[in-house]
2 protein chains.
Amino acid sequence: MILPILCVKCKNQPAETSAVEGRLKLCPKCFIEYFERRVKESVQKFHMFTHEERVAVAVSGGKDSGALLRSLKRAFPNLDIVALHINLGINGYSEHCESKVRELVKEECVELNVFKLSEEGFTIDDFRKTLYKNEVCSPCGIVKRHILDRMALEVGAKVLATGHNLDDILSTLLHTFFSGDFVQLVRLKPVLMPQHPYQTKKVKPLIKMSEFEDYQYALYTEIPIRELNCPHSIGTKSREGKKILESLSKGNPNFKYQTLSLFLKKLIPMIEDKVKQPNLMSCIRCGFPSSTEVCAYCKRVEMVKRVGKRA
Amino acid sequence: MILPILCVKCKNQPAETSAVEGRLKLCPKCFIEYFERRVKESVQKFHMFTHEERVAVAVSGGKDSGALLRSLKRAFPNLDIVALHINLGINGYSEHCESKVRELVKEECVELNVFKLSEEGFTIDDFRKTLYKNEVCSPCGIVKRHILDRMALEVGAKVLATGHNLDDILSTLLHTFFSGDFVQLVRLKPVLMPQHPYQTKKVKPLIKMSEFEDYQYALYTEIPIRELNCPHSIGTKSREGKKILESLSKGNPNFKYQTLSLFLKKLIPMIEDKVKQPNLMSCIRCGFPSSTEVCAYCKRVEMVKRVGKRA
């Protein structure tokens with residue numbers, strides 16, 4: 001008879017999964033506890049928010065933001081949370097995502113605000129008719145950042161939490177580092193303070209959770225998550241950062257944590273005051289923060305509406 | 001009939017090799033010219049030395065230092081060059097290396113100084129009896145750095161040139177970066193000014209030449225180079241830096257140059273004044289620079305001689 005490996009925490013149940021890059025063998029119940037404790041620790045360590053603040057949580061219908069909403073709600077049961085969701089108008093995808101978000105907030109008894117992008121007069125699909133062609137991830141990111149800022153402002157939340165996980169953050173760190181973009185690099189901190197009256201404090205409570213851990217947590221706590229992939233994400237280039245990450249993590253389970261700590265504790269503090277962040281002004285059209293007269297969002301709106309008229 | 005690809009420079013001879021990570025197809029004659037011009041440009045760009053200075057060149061018998069000596073001699077025919085060689089006392093290897101160095105300096109009509117490590121009362125082989133066992137690369141590096149400083153001082157050279165190539169420098173850059181050793185990182189600049197009266201200015205004229213280019217230059221100009229590998233280098237761990245370098249250079253011929261430039265032009269200047277270099281004092285035994293009372297070299301000598309006595 002082969003005996004099962006027991007959970008290293010409760011030493012009672014069989015270990016079914018592993019955390020911290022495979023170093024911690026846990027049973028589902030202890031994994032859930034570990035996950036929620038670690039999220040709570042990150043929030044407290046980086047002073048992401050206080051118990052009195054209203055916290056907006058961006059939810060997309062995916063595993064990361066689902067894990068974020070559920071773990072925050074469980075780690076801080078009395079916190080005033082409001083979920084924000086953007087229906088991007090992606091055919092055969094966005095309605096499905098919205099339905100999953102509606103299921104989740106119902107389970108969590110959390111207030112939900114949905115923004116239908118079509119009400120702005122365009123959808124993400126429409127960007128395929130612009131010079132972006134089939135690579136609409138870039139304008140989609142710009143749109144989401146702007147709309148989330150606007151929604152947070154409207155619901156009176158001073159803090160906006162997003163589901164960026166350890167792998168996301170590290171691959172972007174390495175990518176921006178190797179492309180020499182130190183301005184963006186500095187902006188990857190777990191907490192970004194507002195620089196403009198229309199901006200919220202941006203926080204990343206899942207900064208220490210890997211993509212795999214988010215997935216496991218979503219699975220074990222049965223979070224309703226989308227079963228489809230975004231049709232626009234097919235064939236997008238995997239970035240250099242992800243490649244380095246994969247090649248270096250092999251044989252070194254500590255690599256991801258070491259590299260995160262290298263950037264956050266050593267490199268960014270050293271270069272922060274040398275990196276000149278662009279002067280923020282207010283966009284002359286929408287009033288939201290911008291480094292140019294017209295902000296990136298308003299430019300994209302103009303672009304997508306122009307082709308819409310021509311069609 | 002298949003026509004050969006012609007050299008992009010002279011457009012006359014068939015291209016036999018490529019430079020700059022495969023982007024420049026050249027005939028042997030034009031490759032040699034390219035190599036020597038690029039070395040000259042690096043020397044001038046980084047102000048490595050002036051025509052009036054006596055320059056010591058460390059030669060090991062290998063392709064890199066051989067390419068360094070020959071290209072410097074040809075790029076600066078009137079320069080006062082003195083070659084320095086350490087006979088490390090490695091059985092079945094060091095005598096062979098020394099003989100190749102003697103051939104080369106004869107061809108180049110360059111003054112040669114040879115230091116026999118056995119005259120210090122030990123050899124690199126003896127370190128196998130210490131706690132280093134079969135991993136003697138670390139004490140060997142310490143010994144070479146100290147002896148070269150001493151030899152340069154004795155021959156009255158204020159500048160010491162070494163054959164570190166682009167691949168060496170980048171893999172060390174990435175390794176020291178990811179290990180968070182910013183003190184060592186800053187020391188990887190192409191020119192290191194002396195911080196102590198017994199130190200020389202250290203320069204790396206081959207900083208922009210890849211390992212492959214050094215090898216090609218040695219081959220085309222028929223530099224006498226060793227045909228043996230150091231017996232101690234077998235099985236030494238390939239470093240993380242080399243792994244990143246390989247995985248990232250694939251499909252991006254510019255990667256090595258971009259990364260070198262990222263570190264030298266952007267990162268190091270930003271962090272240089274924040275990195276506290278250790279206070280240099282003089283070793284109480286040998287008088288050479290040290291961050292501790294007894295320098296790393298004198299400690300290794302003591303260690304190797306102690307086991308010698310016991311044996």
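**Exercise 1.** In which loop of chain B is B:His47 found?

*Solution.* The model is a predicted one, and in it B:His47 lies in the loop that runs between helix H1 (28-45) and strand S3 (54-58) of chain B. The next step is the backbone: B:His47 is not a glycine, yet its phi is positive, at about 50 degrees. The last step is the environment, where a residue is exposed if 12 or fewer other C-beta atoms lie within 10 Å of its own; B:His47 has 11 C-beta neighbours inside 10 Å and therefore counts as exposed.

**Exercise 2.** Carry out the analysis of backbone, place and exposure for B:Lys133.

*Solution.* Beginning with the backbone, B:Lys133 has a positive phi of about 50 degrees, although it is not a glycine. As to its place, B:Lys133 belongs to the loop between strand S5 (111-116) and helix H4 (137-154) of chain B. Counting neighbours then gives 9 C-beta atoms inside 10 Å, so B:Lys133 counts as exposed.

**Exercise 3.** Describe how helices H2 and H7 of chain B pack, and state which residues make the contact.

*Solution.* Two packed helices are described by the angle between their axes and the distance between the axes. For helix H2 (residues 63-75) and helix H7 (residues 211-220) of chain B, the angle is about 65 degrees and the axes are 9 Å apart. The crossing of H2(B) and H7(B) is left-handed. On the H2(B) side the contact is made by B:Lys63, B:Asp64, B:Gly66, B:Ala67 and B:Ser71, while H7(B) brings B:Asp214, B:Tyr215, B:Tyr217 and B:Ala218. Sorted by character, the residues of this contact comprise 4 nonpolar, 2 polar and 3 charged.

**Exercise 4.** Determine why chain A is as compact as a globular protein of its length.

*Solution.* The secondary structure of chain A comes to 10 helices and 10 strands. Its radius of gyration is 20 Å, close to the 19 Å that the globule rule gives for 311 residues, so chain A is as compact as a globular protein of that length. Along the principal axes, the C-alpha trace of chain A spans about 70 × 45 × 45 Å. Of its 311 residues, 39% count as buried.

**Exercise 5.** How many residues does each chain give to the contact between chains A and B?

*Solution.* Chain A gives 14 residues and chain B gives 14 residues. On the side of chain A that touches chain B, helix H8 (240-249) and helix H9 (255-271) each supply at least two residues. The residues of that side divide into 7 nonpolar, 3 polar and 4 charged. As for confidence, the predictor assigns the complex an ipTM of 0.74 and a pTM of 0.82.

Methods
Residues numbered from 1 in each chain as written. Chains lettered and ligands numbered in written order. Predicted model: local features only at pLDDT ≥ 70, side-chain atom pairs only at ≥ 80, totals over all residues. Axes fitted to C-alpha atoms, helices over the stretch in contact; angles between N-to-C directions. Helix = DSSP H or I, 4+ residues; strand = E, 2+ residues; numbered from the N terminus. Left-handed = near helix turned anticlockwise from the far one by under 90°. Contact = placed C-beta atoms within 7 Å. Nonpolar A, V, L, I, M, F, W, Y, C, P; charged D, E, K, R; others polar. Rg over C-alpha atoms; globule rule 2.2 N^0.38 Å. Buried ≥ 20, exposed ≤ 12 C-beta atoms within 10 Å, placed from the backbone.
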